[in-house]
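Thanks for sharing this one with me. My notes follow as numbered points, to be read alongside the structure.

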Amino acid sequence: MTISNLKEGADLKGVQPDGPLAQKWDSYKAKAKVVNPANKRKYTVLVIGTGLAGASAAASLAELGYKVKAFCIQDSPRRAHSIAAQGGINAAKNYQNDGDSIWRLFYDTIKGGDYRSRESNVHRLAQVSVSIIDQCVAQGVPFARDYGGLLSNRSFGGSLVSRTFYARGQTGQQLLLGAYGAMMRQVDAGKVELLTHREMLDLVTVDGQAKGVIIRNLKTGEMESYAGDAVLLCTGGYGNVYYLSTNAMNSNVTAAWRCHRRGAYFANPCFTQIHPTCIPVSGDYQSKLTLMSESLRNDGRVWVPKTQELAARVRKGEVKPSDIAEEDRDYYLERRYPTFGNLVPRDVASRNAKYVCDEGRGVGESGLAVYLDFAEAINRLGMSVVKDRYDNLFEMYERITGENPYHTPMRIFPAVHYTMGGLWVDYNLMTTVPGLYALGEANFSDHGANRLGASALMQGLADGYFVIPYTIGDYLAGAKPVDIKDTDSAPFREARAGIEAQVQKLMNVKGTKTVTEFHRELGLKMWDYVGMSRSEAGLKQILTEIPKLREEFWQNVRIPGTENGWNKNLEFALRVADFLELGELMARDALVREESCGGHFREEYQTEDGEALRNDEKYAYAAAWEFTGNPSEPVLHKEQLEFENVQLAQRSYK
Amino acid sequence: MSKMNLTLKIWRQASANAPGAMETYPLADVSEHMSFLEMLDVLNEKLIKEGKEPVEFDYDCREGICGTCGLVINGVAHGPRKLTATCQLHMREFKNGDTITIEPWRANAFPVIKDLVVDRTAFDRIVAKGGYVSVNTGSARDANETPIGKEDADKAFDAATCISCGACVAACPNASASLFVSAKVSQYTYLPQGHPERERRVLKMVSQMDDEGFGNCSNHGECEAVCPKGISIQNIAIMRREYVKAALKTGSAIV
Ligand SMILES: Cc1cc2nc3c(=O)[nH]c(=O)nc-3n(C[C@H](O)[C@H](O)[C@H](O)COP(=O)(O)OP(=O)(O)OC[C@H]3O[C@@H](n4cnc5c(N)ncnc54)[C@H](O)[C@@H]3O)c2cc1C
């Protein structure tokens, strides 16, 4: 082991239902305990987050009769980050008669995740995918249809069948509005209490079990306490640890991180997905990055100038891309991967863009961009076909950059997009804290080291509509309902006092650097050392830098205004404080995993021609980290992944 | 890259009940590539460094889809570029030396929280009254059992793209929420799934809209002009038709 102070604890084992893979979920459901219908209303479930995972869970649990309280940061549940998903949602419906099946979706997901996810969870996901589409259509989600009136599908990366359902480029929006509507119906029925503009800042445990939350009211600044029999964390991903990402600005790790501090293990934090086609950074004022759909790679060709000299002249504006002759261009994806060409998976495309820019062949003012060129497609297909396929994306590009992609190639660069890691959960989606569940992007369960396109929406809705309604009953049937007045008891008072003290401490620093400056600095370090490619030396370096930055933050941050009432800088400061701890854990996780797999690329572990080199013998495990009180000394627990149904193989896209 | 020097006139209001006023801030070296909100970020970083309170404004996705942002820029909701939410507006729409006024959405039903941030929870309360199809999880039939013609599916989609930003209310001289409500009503009018609850839906949503203090629609069309998603006022005509039919059928406008 290269890191000397690594502490290891006992291996973890998730409960596994009996029987062969395809029957596990049915066998689980047959044996799970259920709460008597008359008793359900005695149980309160606290749902934190109202994205696809949270809204679908809140609606479904309320329909069953549980009392639900749902919380979100935004003014309306419908603004959760899920709203921004563009491309689509997978389901093994096999409406296209092209050979899709639950098995194939299961297999593609395991392989796409580079064999670092749990077979039983992934198989269940593939099984319930089918019901998700039925449910959403019944809700009136306007999926794309063909002239016969039936549902239409498109293809996505990493799969040989056409199983992606979509609603133009706004699939996430339409799915979320469906789930939000279902939840609002329960609000009207009095079964869901909706608490918006609220941010969870701590978990309250009693005898080691999750029994409540401490929430900051973002409008008034007041701390509020809520007791419940179970807490569902549906708080999304932590990509914003990199400062710049395609995530919404309010996406954060705080709820998950504070649960981690209260005993929930954090799994595979270093597994992040970097999406190859985003609009490049244009200046240091940049606040977020915009995704350009993966579908563009069907017709766009990726290239950079062949030589550094030519690239330098392009960057200075002396040469226009359209003036560069064919023989002076390097279509590097087509050259290196003749079979898949421009359609290699996300991680491979991103890494190669980085390589050519590192070689000094990048374009754009900063040199951190490559071309995505449609000239050939326009010649081959004609302008009207290209317009039909991509006009809305081209328009968005033009709005942001001021350049017209019909005339000059797009400039693109990879950006942080999704986090596969998250709170460790078992088959029930329960974390290591009894009564605390994690759903959607907030958990680690289904995507291994790399997520396939159109699978996050599927997972969020699977967890919320079809998994948690069963698994929560199994837990609650054995628990006595909490007394709601418990929020005056010692565990609540102590947790609340702790958070109030933290807020006070932050407000009192009165330093000289803004929250954004700290966040940006952390993000740059994370991008450089724990980004598209990672090395032992770099990771060791950042492991010394983050604790220093964290210390400086607590001594020198400046938060304007007061803690009473609306204060966006204070909200962000609390989140950045947690990112400064998470970042260190991500680097440590990346350092310990001495292999390359999926989105995790360690420079020391690659094949002769530069491809990721997995080490199944030593690293076919999920790394679940336990918080010990000191963010620099977490304890590693391994969940060994057992592959009984698929054969582990090296991915190849040559 | 061209840089601009601007004069910003911004509405400042400490809280819902405090009086507000316009304040003036000069801002130099604004890049044409910045988004409008990034320009405000730059102003805020400067204010914080000077020991002043930053301007509060709301945002989240910054991709024009979550509907959180919304500013009245030079008197126009979401600013000068058509079909563009505030977060997608870029500074190349402005020029060196410009004075830009920035105000919050103004409507009784959208009280100011602070500065440019308003409370739009009234929209959620309207949706709770019927902006959905009542179907419990697990009770759905196979998704392809009911074919829906592409034309109807597309029309339903066009209505469903509303992002609930509230620009329609801000632009309307009567602060009516008709465009917002009618978009939801239309979506379910075009889809067979919406039909069983057709009458209840329109009556209850319209009644809640009135209770929230939104004004009446008197066909100004300002809402359509500022809508970043291009929601058509045709939807309002559909909502009216549905409302009259429902009211006649149930014998009353109140259910
Ligand atoms: C630009 C973009 C495009 C994408 N396109 C696709 C696609 O085409 N297909 C696909 O499958 N996936 C896609 N994804 C991924 C997918 O959108 C997300 O993984 C998924 O929507 C996450 O859903 P969620 O419910 O887990 O969390 P989110 O939707 O992120 O919701 C999180 C919720 O938690 C709340 N919250 C967070 N912290 C707190 C707290 N402390 N207290 C209270 N509330 C809190 C928030 O307010 C919010 O309501 C895309 C992602 C991006 C960024």
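How many salt bridges does the count come to over all chains? The points below start there and then move to the contact between the chains and to a pair of helices.

1. Please keep in mind that this is a predicted model. Over all chains, the count comes to 70 salt bridges.

2. One of these is worth finding in chain A: A:R116 pairs with A:D616, with 2.9 Å between the closest N and O atoms. The pair links distant parts of the chain, 500 residues apart. A:R116 sits in the loop between α4 (102–112) and α5 (119–138) of chain A, while A:D616 belongs to helix α18 (residues 616–619) of that chain.

3. Now for the contact between the two chains, to which chain B brings 78 residues and chain A brings 77. About 6700 Å² is buried between chain B and chain A, and carbon and sulfur atoms give 50% of that area.

4. Nine salt bridges are counted between chain B and chain A. Have a look at B:E63 and A:K288, whose side chains form a salt bridge at 2.9 Å, N to O. Polar contacts between the two chains come to 47 residue pairs, with both residues at pLDDT 80 or more.

5. On the chain B side, α1 (36–49), β6 (112–114), α2 (121–128), α3 (150–160) and α5 each supply at least two of the residues that touch chain A. The most comes from α3(B), which gives seven residues. By class, this side of chain B has 29 nonpolar, 22 polar and 27 charged residues.

6. Within chain B, I would also look at helices α5 (residues 178–190) and α8 (residues 234–250), whose axes come within 8 Å and cross at roughly 70 degrees. Because of that angle, α5(B) is roughly perpendicular to α8(B). From α5(B), the contacting residues include B:L179, B:V185 and B:Y190, and from α8(B) they include B:I236, B:M239 and B:R241. Sorted by class, the contact of these two helices has eight nonpolar, five polar and two charged residues.

Key: Residues numbered from 1 in each chain as written. Chains lettered and ligands numbered in written order. Heavy atoms only, no water. Axes fitted to C-alpha atoms, helices over the stretch in contact; angles between N-to-C directions. Helix = DSSP H or I, 4+ residues; strand = E, 2+ residues; numbered from the N terminus. Parallel < 35°, antiparallel > 145°, perpendicular 65-115°, else oblique. Contact = heavy atoms within 4.5 Å. Nonpolar A, V, L, I, M, F, W, Y, C, P; charged D, E, K, R; others polar. Buried area = accessible area lost by both parts, 1.4 Å probe. Salt bridge = Lys/Arg side-chain N within 4 Å of Asp/Glu carboxyl O. Polar contact = N/O pair within 3.5 Å; in protein donor to acceptor, adjacent residues only side chain to side chain.
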